Amino acid sequence: MENKRLYIAMVGLPARGKSTIATKLKESLVHESVKARIFNNGDLRRKTIRENTSYAGFFDSNNSEGVAIREQIALTNMERAQKFLNGDGNVAILDASNISRDRRERIQSRLNDHPILFIECVNNNEEILSASILRKIDLAEFGHLTREEAIKGFRKRISSYQSIEEPLERERNYIKLDSLHNRVMKEELSDRIPYYEQIRDFLVTNTVKNLYLIRHGESRYNTEDRIGGDSDLTEKGLAQAGALANYFKKKKIPLIFTSQKKRTQQTASPIKEAQEDCTIIPLAEFDEINSGICECMSYKKIRAQMPQVYAERKKDKYNYVYPEGEGYATMQERINRGIKKALYLSNPSDNIMIVGHRAVNRMILSHFMFRREEDVPFIYIPQDKFYYICTTQNKKHFQLKKFK
Ligand code: F6P
């Protein structure tokens with residue numbers, strides 16, 4: 001059998017999703033029996049340099065000592081990657097910012113025995129960047145700083161990289177990826193790149209491992225059969241939240257994504273409390289369908305007072321748009337945006353939890369599990385069970401589970 005060998009070098013400013021993509025890509029290749037390994041400069045720096053190197057000045061391009069240390073680390077990883085491919089390895093992934101042309105030229109001249117594919121991760125969404133920075137400063141190396149100091153320092157580090165950033169264009173082989181939307185923005189290939197189809201396909205695929213999709217517990221409006229609004233959980237709803245907390249306390253849930261509504265946050269709150277380290281991130285993208293002029297009405301009242309609304313929605317529930325509100329079809333774009341944000345902010349090995357609403361959860365489920373449009377508004381979304389979802393390139397798994 002032909003022995004295929006490839007270097008991949010990640011490119012991108014800090015907190016752009018490089019390591020997440022590198023890790024998932026490696027897992028996906030390994031699953032296909034490709035021997036892949038990651039060589040991460042940040043990890044090597046943290047392991048080998050005793051003094052604290054998390055301060056922003058260390059990354060300043062005018063700090064010759066910092067530059068020399070970082071170049072030495074980059075070189076060590078290049079040597080290790082080369083050794084790996086000269087042994088039985090197939091794909092060596094260099095995970096670092098590799099933001100300057102100089103650095104990339106050094107990579108190309110040093111690693112000239114096999115083709116190199118540069119993968120650049122681009123994402124300039126400020127909201128996502130802020131949330132990613134919060135995740136980064138959780139690292140032990142920032143432990144001695146206050147939250148504000150750590151954020152400021154990390155932003156300064158990003159600026160240092162920005163000051164030496166040079167676009168990919170002279171490199172022989174590269175893919176520029178919008179890492180939030182899994183979209184290839186530009187690609188250039190001069191060499192034959194082994195595993196290219198597999199890699200490219202992976203980059204544009206949405207995968208999720210261990211997603212727990214939960215509907216909020218019973219709300220006051222639920223008991224009155226009223227839609228929308230922002231009512232609190234009932235006693236029964238709070239008990240459901242408590243049971244969820246108990247069920248999930250043995251699993252590690254670092255992030256819970258909710259909507260901005262009280263009922264989802266009140267459901268998430270006891271789950272968070274039962275965890276050692278967990279953050280709730282409310283996203284407007286996961287707010288329940290806006291039923292416009294029907295907000296806060298009961299289905300019975302809508303039928304009696306607005307028979308045309310009732311009849312038209314019944315005719316085509318998926319495409320129907322509430323006057324001054326939304327429909328399932330028009331929610332799709334924002335729901336997809338919310339899913340992208342949640343996946344982007346989670347580490348590849350993390351369990352992910354979303355606490356949403358009936359219509360929202362139908363849309364989230366149908367994002368991962370194919371359902372005909374006309375069936376989506378009828379997907380079963382109970383309040384005493386949750387969906388467990390795992391969809392990778394190699395596996396698709398959906399399960400409705402009881403939590404008590
Ligand atoms: O009744 C709860 C609820 O979440 C409402 O807020 C929302 O309008 C409705 O479910 C969505 O379900 P359907 O599309 O079946 O009316």
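This is a short tour of the ligand site, the pocket around it and the largest cavity in a predicted model.

**Stop 1: the ligand and its neighbours**

Start by selecting the ligand and the residues around it. You should find 13 residues there, and those that come nearest are Glu288, Tyr299, Arg313, Lys317 and Tyr328. Try colouring this shell by residue character: six of its residues are charged, five are nonpolar and two are polar. Next, show helix α14, which spans residues 358-368. With three residues, α14 gives the largest share of the shell around the ligand.

**Stop 2: polar contacts to the ligand**

Now zoom in on the oxygen atoms of the ligand. Pick Lys317 and look along its side chain, where a polar atom lies 2.7 Å from a ligand oxygen. Move on to Gly228; here a backbone N or O atom is 2.8 Å from an oxygen atom of the ligand. Then select Arg362, whose side chain places an N or O atom 3.0 Å from a ligand oxygen. Switch to a surface view before you leave: on its own the ligand has 390 Å² of accessible area, and the protein covers 95% of that.

**Stop 3: the pocket that holds the ligand**

Hide the ligand for a moment and look at the space it takes, which is the second largest pocket. This pocket holds about 600 Å³ of space. Select its lining of 28 residues, and look towards the centre for the nearest ones: Ile227, Tyr299, Arg313, Tyr322 and Arg358. Tyr299 and Arg313 will be familiar, as both are also among the residues that come nearest the ligand.

Which helices each supply at least two residues of this lining? Highlight α8 (220-223), α11 (299-305), α12 (307-315) and α14 to see them. The largest share, four residues, comes from α12. Coloured by character, the lining shows eleven nonpolar, eleven charged and six polar residues.

**Stop 4: the largest cavity**

Bring the ligand back and turn to the enclosed spaces. The structure holds three cavities of 30 Å³ or more, and the largest has a volume of about 240 Å³. To find this largest cavity, select Thr20, Ile21, Lys24, Ser179 and Asn182, the closest to its centre of the 16 residues that line it. Then add the helices α1 (18-31), α7 (196-203) and α13 (328-345), each of which supplies at least two lining residues. Finish with the colouring by character: seven residues of this lining are nonpolar, seven are polar and two are charged.

Notes: Residues numbered from 1 in each chain as written. Predicted model: local features only at pLDDT ≥ 70, side-chain atom pairs only at ≥ 80, totals over all residues. Heavy atoms only, no water. Near = heavy atom within 4 Å. Polar contact = N/O pair within 3.5 Å; in protein donor to acceptor, adjacent residues only side chain to side chain. Areas by Shrake-Rupley, 256 points an atom, 1.4 Å probe, with all protein chains shown as cover. 1 Å grid on protein atoms, 1.4 Å probe; cavity = no way out; pocket = protein on both sides within 12 Å on 5 of 7 lines; lining within 4 Å. Sits in = over half its atoms within 2 Å of the grid points. Nonpolar A, V, L, I, M, F, W, Y, C, P; charged D, E, K, R; others polar. Points joined across faces, edges and corners; volume = space filled by probe spheres on them.
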